[in-house]
Amino acid sequence: MSVMTYLGAIGAAQREAMEADERVIIMGEDVEANVYGTTGGGKSRSSEGDFLQMFGKKRIRNTPISEEGIVGAAAGAAMTGLRPIVDLSYSSFLYMAMDQFVNQVAKNRYMFGGQASMPVVFRSAMFYGLNTGAHHSDRPYPMFMNVPGLKIIAPASPSDAKGLLRAAIDSDDPVLTFEAVLLWGLKEEVDDNEYRIPLGKARTVREGTDVTIVAISGSVPEAILAAQDLEDEGVSVEIIDPRTLVPLDTRAILESTAKTGRLVIAEPAHRTCGAAAEISALVAEEIFDALRAPIVRVTAPDMQIPFSPSLEKQMYPTRATIGDAVRRVLDSAPQRLAAEISR
Amino acid sequence: MNATLPIETLLEMQRRMLRIRRFDERASKMVKRGQIPGTVHTSIGQEAQVVGSCMALGEQDYMSGNHRSHGHPIGKGAPLGPLMAELVGKATGVCKGKGGSLHLADFAVGSLGESGIVGSSIPIATGAALSAEVLGNGRVSLAFFGDGAANQGSLYESMNMAGVWKLPVIFLCENNQYALSTPAHTVTSGVIAERAAGFGMEGVRVEDGQSVLAVYDAVSTAVSRAREGGGPTLVEVITYRYNEHSEGLRLGTDYRDAAERSTWLDRDPIVLFRDHLVSRGVSADTLDALEAEVLAEVDLAVAFTNDSPYPEPSAAFEDLYTDVEVAA
C-alpha cells in the first residue's frame, strides 16, 4: 500500500496496463509531456517513470487537436488488434467526436452482428466547480448513458480509479470514464499490486439504516460530509456509490433503498434525464412499496454554468444541500402522517 | 504495370465486376418487389473503381466504406450468399440481419464495415492503419468515400493524422460527381485530389475511372508506398453511377443531363474490360462462361437467402456488449 492521489492512481493503472500488454497504447493531446500527470512519474520528463521513455513514441502518442479523428482512429485501431486508451482531457471535447462515439464506437459491434470488438477506453475530465465557465464545466455522462453500447464509469476515490480503469482497459467493449477534477487531488492508501474492480459493482461507502444516499462522482465526498453532519443529529445514513453507471448495479441500489425506505440521489449533472432521474425511476418502478418517503434528487439545475465564483458555487450538490435533502425525506408528508396516526 | 498481370488476375477483375453488377441488379429488383425492406444504393457503373481498388489490396488488408455499400465487400472477395441474406434481414446474413444494406461488413475479408453516415468510416480505416503501424503487421488500409464525404471534416482530420504519422492508408474518393442530386462542382472548391498537397501527401486523380486497370495501377502505387512506410495517398477516381441515388427513389427534377448520362453509359466498365480481355486473347466463350458463372452465383445467393430463416426476436438483444446482458 502507498498513499496515492486520484491522478496518481490513474497513472499507476495506465503504467501497469502498458507493461502487461503491448497492445495497450495511450493517445491524446499532450500525453507525451505528461501535462496532467497520468503518463509519467512526476511533473518533469526527467522524473523516473516517464511513459515516453518507458514505452516509446509508438505507444505514447501525441495527437493533433482533432477529436473526431482521434476517437474514430482509436475505434478503428481497437477493431483491428490494439487496446487504446484515449485521453480526451476535457469532457466537453467529447461533443466534437459525437458522431464517432454514437455511430461508430457504440454501434459497430452490434450492427456488424458481433464481428467487431471494441476494446478502447476514453478518459475525460469534468472541470466543474473550478470557475472555468460554461465550455469546460460540463458533466455530460448522462448523455452517453443514453447510447446503448457504451460502458461508463465515474470513480470517486483513488482506489476505485485504479481498479476500475484496469478493468476498463481489460474490457472488450468501449468504456468512457468521467473524472471529476475536484477529485484528482484526493489521497488515500492504494494497493500497489495489480487489482481490478469489476465494472457494474457499486461500493457501499458507509452503512446506515435510516436513509440511502446514492452519490455519483464528485458528489460522493459531499455526501460523506453530509452523512457525518447527520450522524451528529442521530440520523444513520447509508451511502452507495454506483462507480459504474453502465452497466448499473441496480441490485445494490434497490437493496439499500429497500432496507432504509428512503432515497436521496446526488450527482453534479443536470436534472433532466440525468443518472439521478434514471435511478429514481428504477426505484419507483421496482420497489415503490418499500419507500417510506418520496425520492429526492439533488442535482445541478437545468441551467448553464456561470463563470463567476459567486454564481457557480450554488450549482452543484454540496454537503449542505444533500444534508437538507435527507432532512426533507425524513420529514416528508407520509412520514408526518404516519407519526400522527401512531400518536 | 498491368502488362505484367497474369490473365487469371484480369479474369478475376472481370468476375468481381460482374458479381457487383449482377448482385446489384438483382438487389434493385428485389427492392422494387418488396423482397428487400427499405432501399439499397447500387454501385452499378462504378464497378471498375471498386474492383480496381480492392484488387490492389491484399487479402489481409483492411477497408471501410459508405452507403453505396455492396460493391466494396464483393470487390474484396466476400461470398455473395451472406451479403444477400443480410440485405433481406435473414439470420444467415453476414451481420446476422442487424446491419442491412447500409452496414455490410465481412471481417473475414478485411471489410471493417460500411457506414450510413457520410464520412464517418474514414477515421475507422485510419485507425486500422494505425494498428497496422503499431503492430508492424505490414497491412494497409483503404477508406472508400464519395465526393460528398470529401467535404466532411472527418476526412481532413484523418488525412492530417495519417500524414503526420505516415500511416499505411489510402483515402479513395469515389467521385461519381453527384451527392444525391447535388453536382459535386457546385459544393466543392477546387480539385479534391489536389487537397492532398496541403497535407504533404501524394494526391492522384484517375480521370478514367471506368478503366479497372487505370484504377488498379493508381491504387497499387499507393498501396506499395503505404507498405514501404511512405505513408498515405489520396486517390480520386472519376466515375458515374448509372442508377438513381437509391433504388426506388424518383426525384422530381432531372438533375443529370441525358447527354451526360449517355456518354457515361457508353463507357460501361464491364463492356470496356471485356473488349480489353478479348484484345488480350481471351475467347468470347471464356467470357460468356464467366458471365454465366456469376449469374449462377447470384441465383445461388438468392436461393440461400430464401432458404434461410429470419432471426429469432431474441437476436435483437445480442451482440451489443461482449459480457453484459441487456433485457428486452
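**Figure 1. Cavities in the predicted model.** The structure, a predicted model, holds 5 cavities of 30 Å³ or more. The largest cavity has a volume of about 50 Å³. Its lining is made up of A:Y36, A:D87, A:S89, A:R123, A:S124, A:A125, A:E179 and A:W184. Two elements of chain A, β4 (83–90) and β5 (121–126), give two or more residues each to this lining. The strand β5(A) gives the most, with 3 residues. Sorted by class, the lining of the largest cavity has 3 nonpolar, 2 polar and 3 charged residues.

**Figure 2. The largest pocket.** The largest pocket holds about 650 Å³ of space. It is lined by 24 residues, and those closest to its centre are A:M145, A:L245, A:V246, A:L248 and A:E278. Three elements of chain A, namely α6 (141–145), β12 (244–246) and α10 (275–287), each supply at least two residues of the lining. By class, the lining of the largest pocket divides into 18 nonpolar, 4 polar and 2 charged residues.

**Figure 3. The buried face of helix α10 in chain B.** Helix α10(B) spans residues 269–279, and its buried residues are B:P269, B:I270, B:F273 and B:L277. Viewed down the axis of α10(B), these buried residues fall within an arc of 90°, so they line one face of the helix. An α-helix has 3.6 residues a turn, so residues three or four places apart point the same way. The buried residues of α10(B) pack against four helices of chain B: α1 (7–32), α2 (47–55), α8 (212–227) and α11 (284–307).

**Figure 4. The two ends of helix α10 in chain B.** At the N-terminal end of α10(B), B:D268 acts as the cap. A side-chain oxygen of B:D268 lies 2.8 Å from the backbone nitrogen of B:I270. B:I270 is also one of the buried residues of α10(B). Just after the helix, B:G281 takes a positive phi of about 100°.

**Figure 5. Helix α2 in chain B.** Helix α2 (47–55) is among the elements of chain B against which the buried residues of α10(B) pack. α2(B) is mostly covered, with 9 of its 9 residues buried. The buried residues of α2(B) are B:E47, B:A48, B:Q49, B:V50, B:V51, B:G52, B:S53, B:C54 and B:M55.

Key. Residues are numbered from 1 along each chain as its sequence is written. Chains are lettered from A and ligands numbered from 1 in the order in which they are written. This is a predicted model: local features need pLDDT of at least 70, side-chain atom pairs count only at pLDDT 80 or more; totals for chains, interfaces and linings use all residues. Side-chain values use heavy atoms; hydrogens and water are left out. On a 1 Å grid over the protein atoms alone, a cavity is a set of points where a 1.4 Å probe fits but cannot get out, and a pocket is an open set with protein on both sides within 12 Å along at least five of seven lines; lining residues have an atom within 4 Å of a point. Grid points are joined across faces, edges and corners, and a volume is the space filled by probe spheres set on the points. Ala, Val, Leu, Ile, Met, Phe, Trp, Tyr, Cys and Pro count as nonpolar, Asp, Glu, Lys and Arg as charged, and the others, Gly among them, as polar. Buried means under 20% relative accessible area, exposed over 50%, partly exposed in between (1.4 Å probe, protein chains only). The arc is that of the directions from the helix axis to the C-beta atoms. Contact means heavy atoms within 4.5 Å. A polar contact is a pair of N or O atoms within 3.5 Å; within protein, one must be able to donate a hydrogen and the other to accept it, and residues adjacent in sequence count only if both atoms are side-chain atoms.
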